[in-house]
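Dear colleague,

I am handing over the structure we discussed, and below it you will find my notes on what turned up when I went through it. Please read them with the coordinates open beside you.

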Amino acid sequence: GNNTYSGTTTINKATAAITNQNNIGNGDLILSNGTLTTDAETSLNNNIRITGTGQFTNPTNNLTLTGSISGDQLVKAGNGILFLTKQNFHNSTALIAGTIQCNDPVQLGSGDFDFPLNNTGTLLLTRTMSINTTFSVNGTGIINTTAGTNITLAKAVNYAKNLKKIGGGTLTLGVSGTGSG
């Protein structure tokens, strides 16, 4: 249903499913080891605070986050696209499935980026940028660079499996990391 309250919504060690912005009101959204699932194309303008992990699962649709994200680890699951549009301050990102799309490195948060074991996710980068984030690839990490872009991963890329680059842009690894994939 539609909620117009402006208070905080907390998802604590649980999963909440929404179909639009009006399902959770206009205040901050706190994910405390919680999961937000979207069952329809959705755009959220809430500021989001993560304690522990905060998982966003969008099975087949797109989810756009227009508020700022802070706290601990953002986890992306489901086959849809997660659009990040603001400067974010969360400590790390784990991409399990689907796509995370950004056009500015500040949208990826302030910590490491992880492609966990058995992931099927893609990081889609749509503008030329230098990303000052350590990447860990424990499964297959796919980075899609759109045509005409020049992407530099300025910190180490540590990989136990495969880092795969797709798309028409250029990807440069700026610092050597460790790996065997």
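One cut-off is needed before anything else: a residue is called buried under 20% relative accessible area, exposed over 50%, and partly exposed in between. Please also keep in mind throughout that this is a predicted model.

With that scale, the salt bridge can be taken up at once. The structure holds one salt bridge, in which the side chains of R49 and D28 meet at 3.5 Å, N to O. R49 belongs to strand 5 (residues 48-57), while D28 sits in the loop between strand 2 (15-18) and strand 3 (29-38), so the pair ties together parts that are 21 residues apart in sequence. Because its relative accessibility is 27%, D28 counts as partly exposed, and R49, at 36%, likewise falls in the partly exposed class.

Strand 3 also contains N33, a residue that is partly exposed with a relative accessible area of 39%. Its C-alpha atom is separated by 5.3 Å from that of G52, although the two residues are 19 apart along the chain. If neighbours within four places in sequence are left aside, N33 is in contact with K13, A14, T51, G52 and T53.

Now to the chain as a whole. DSSP runs give the protein chain 19 strands and zero helices. The radius of gyration is 16 Å, close to the 16 Å that the globule rule gives for 181 residues, so the chain is as compact as a globular protein of that length. Taken along the principal axes, the C-alpha atoms fill a box of roughly 50 × 30 × 25 Å. Of the 181 residues, 48% are buried, and among contacts with a separation of 6 or more, residues 24 or more positions apart account for 12%.

Turning to the sheets, I begin with an open one formed by seven strands in the order 4-6-8-10-12-15-18, where the pairing is parallel. Strand 4 (42-44) and strand 18 (162-166) stand at its edges, each with a single partner strand, so one side of each is left without a neighbour in the sheet. From one strand to the next, the twist averages 20°.

At the strand 4 edge, three bridges join strand 4 to strand 6 (residues 63-65), the two running parallel, and T42 stands opposite L63 in strand 6. Further into the order, strand 10 (residues 99-102) deserves a careful look, since I can describe its pairing towards both strand 8 and strand 12. Strand 8 (residues 81-84) is joined to strand 10 by three bridges in the parallel sense, with I100 as the bridge partner of L82. Strand 10 and strand 12 (residues 122-125) also pair in the parallel sense, over four bridges, and here T122 is the bridge partner of T99. As for the side chains of strand 10, T99 and Q101 point one way and I100 and C102 the other way, and all are buried.

Another open sheet is formed by three strands in the order 13-16-19, and its pairing is parallel. Its edge strands are strand 13 (129-131) and strand 19 (170-173), each of which pairs on one side only. Neighbouring strands of this sheet are turned by 15° against each other on average, direction ignored. Four bridges join strand 16 (residues 150-153) to strand 19, which run parallel, and L153 stands opposite L173 in strand 19.

The last item concerns the aromatic rings. A search of the whole structure finds two aromatic pairs. F113 and F135 form one that is tilted, with 5.2 Å from centre to centre and 40° between the planes. F113 lies in strand 11 (residues 112-115) and F135 in strand 14 (residues 135-137), so the pair ties together parts that are 22 residues apart in sequence. Ring pairs link F113, F115 and F135 into a cluster. At 1% relative accessibility, F113 counts as buried, and F135 is also classed as buried at 1%, whereas the two salt-bridge residues described above, R49 and D28, are partly exposed.

With best regards

Technical notes
Residues are numbered from 1 along each chain as its sequence is written. This is a predicted model: local features need pLDDT of at least 70, side-chain atom pairs count only at pLDDT 80 or more; totals for chains, interfaces and linings use all residues. Side-chain values use heavy atoms; hydrogens and water are left out. Two strands pair if DSSP finds at least two bridges between them. Axes are lines fitted to C-alpha atoms, for helices over the stretch in contact, and angles run from 0 to 180 degrees between N-to-C directions. Rings of Phe, Tyr and Trp (its six-membered ring) pair if their centres lie within 6.5 Å; planes under 30 degrees apart count as stacked, over 60 as edge-to-face and the rest as tilted. Buried means under 20% relative accessible area, exposed over 50%, partly exposed in between (1.4 Å probe, protein chains only). A salt bridge is a side-chain nitrogen of Lys or Arg within 4 Å of a carboxyl oxygen of Asp or Glu. The radius of gyration is taken over C-alpha atoms; the globule rule is 2.2 Å times the number of residues to the power 0.38. Contact means heavy atoms within 4.5 Å.
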